[in-house]
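Got the model open in your viewer? Let's take a walk through it, one selection at a time.

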Amino acid sequence: ADPVLTATVTGLVNEEDEIVYSLGREEGEDVGTYAITPTGNATQGNYSVNYVPGTLTIGQKEMTDAEANATGFNVVYDGTAHTISIVNTIGATVSYTVEDEETSPSATNVSESQAEVVVTFTHPNYVTKTVTVAKVITPKPITVTADDKSKIYGAEDPALTATVEGLVNEEDEIVYSLGRAEGEDVGTYAITPTGNATQG
C-alpha cells in the first residue's frame, strides 16, 4: 500500500497560519519513481504559495518461497525421467533460467545426475532470486543369486547359472561371472557370482 503522503510547509510567519492544499501522486504500481504533486490556491491569505513536487519511489520486492522457488530430487534409479520442480505464483511475467554443467533440469540415468542446478528467477518488480538445488539419482540395488545345481559323483559339472532380480528394464544387462569351490568328492560346494558392485 502507498505510504501516507505528506508535505512540509516553509515560510509561514506565524505558526498558527495555515495553508490549505491536497496531495496526489502519479499513477503506477511498477518499480520506478512517481511524482507527488501538492495542489491548492496560489494565493492564500497573506501568502503567495509555491508548490514543489516530490517523488514516490517504488522499490523491488523480495521473492518469497511461495512466489518463486525450486526443488531438486534425490531418487533411486527407476528408468523414468525426473525433473526439478519450479514454483512460480507470480505469474507469466516472471522468467527463470536453469543452468548446470549439462544445462538440463532433468535426468533419467545415474550418469546424468549428481549435479547442482542453478535456477534464476527474474522480474522487473522483484529482486532477482537464485536457488541452487541438486539432482541426484542413485543406483538401484539388484541381486544376482547363483542357482543351486547338482550332479552325480564323477560326472561333468552342470552349466552354472544365476538369477538376476530387481532390473528396471528387461534390456538392462549385468555382467558377472560364476565359479564354484574346488572339490569332486560327494558334498556341497559354494557357487559364487562375482562382478563390479556398481554397473550402469
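Before the first stop, a word on accessibility: buried means under 20% relative accessible area, exposed over 50%, and partly exposed in between, with a 1.4 Å probe and protein chains only. This is a predicted model, so local features need pLDDT of at least 70 and side-chain atom pairs count only at pLDDT 80 or more, while totals for chains, interfaces and linings use all residues. Residues are numbered from 1 along each chain as its sequence is written, and side-chain values use heavy atoms, leaving out hydrogens and water.

**Stop one: R25 and its neighbours**

Select E29, which is exposed at 59% relative accessible area. Now add R25, which counts as buried at 18%. The two form a salt bridge with their closest N and O atoms 2.8 Å apart; the term asks for a side-chain nitrogen of Lys or Arg within 4 Å of a carboxyl oxygen of Asp or Glu. By this rule the count comes to eight salt bridges.

Keep R25 and bring up Y34: R25 lies over the face of Y34, 5.4 Å from the ring centre. For a charge to sit over a ring, NZ of Lys or CZ of Arg has to be within 6 Å of the ring centre and within 35 degrees of the ring normal.

**Stop two: D65 and K129**

Next, select D65 and K129, a salt bridge with 2.7 Å between the closest N and O atoms. D65 is in the loop between strand 5 and strand 6 (68-71) and K129 is in strand 13 (residues 126-138), so the pair ties together parts 64 residues apart in sequence. Strands here are DSSP runs of E with at least two residues, numbered from the N terminus. K129 is buried, at 13% relative accessible area.

**Stop three: a salt-bridge network**

Which residues join K151 in a network of salt bridges? Select D157, R180 and E184 along with K151 to see the linked set. Within it, the side chains of K151 and E184 meet at 2.9 Å, N to O. This pair links distant parts of the chain, 33 residues apart: K151 is in the loop between strand 14 and strand 15 (162-165), and E184 is in the loop between strand 16 (177-180) and strand 17. Both are partly exposed, K151 at 32% and E184 at 46%.

While R180 is on screen, add Y189: the charged end of R180 sits over the ring of Y189, 5.3 Å from its centre.

**Stop four: the pockets**

Select K140, I142, I174, T198 and Q199. Of the 26 residues lining the largest pocket, these are the closest to its centre. A pocket is an open set of points on a 1 Å grid over the protein atoms alone, where a 1.4 Å probe fits and protein lies on both sides within 12 Å along at least five of seven lines; lining residues have an atom within 4 Å of a point. The volume, the space filled by probe spheres set on the points, is about 540 Å³. Strand 14 (143-146) and strand 17 (191-194) each supply at least two lining residues.

For the second largest pocket, about 430 Å³, try A7, T8, V9, N50 and V52, which lie nearest its centre among 23 lining residues. Strand 2 (32-39), strand 4 (47-48) and strand 5 (54-58) each supply at least two residues of that lining.

**Last stop: a backbone detail**

Finish at Q114, in the loop between strand 11 (106-107) and strand 12 (115-123). Its phi is near 60°, a positive value in a residue other than glycine.

Note on methods: Helices (H or I, at least four residues) and strands (E, at least two) are DSSP runs, numbered from the N terminus.
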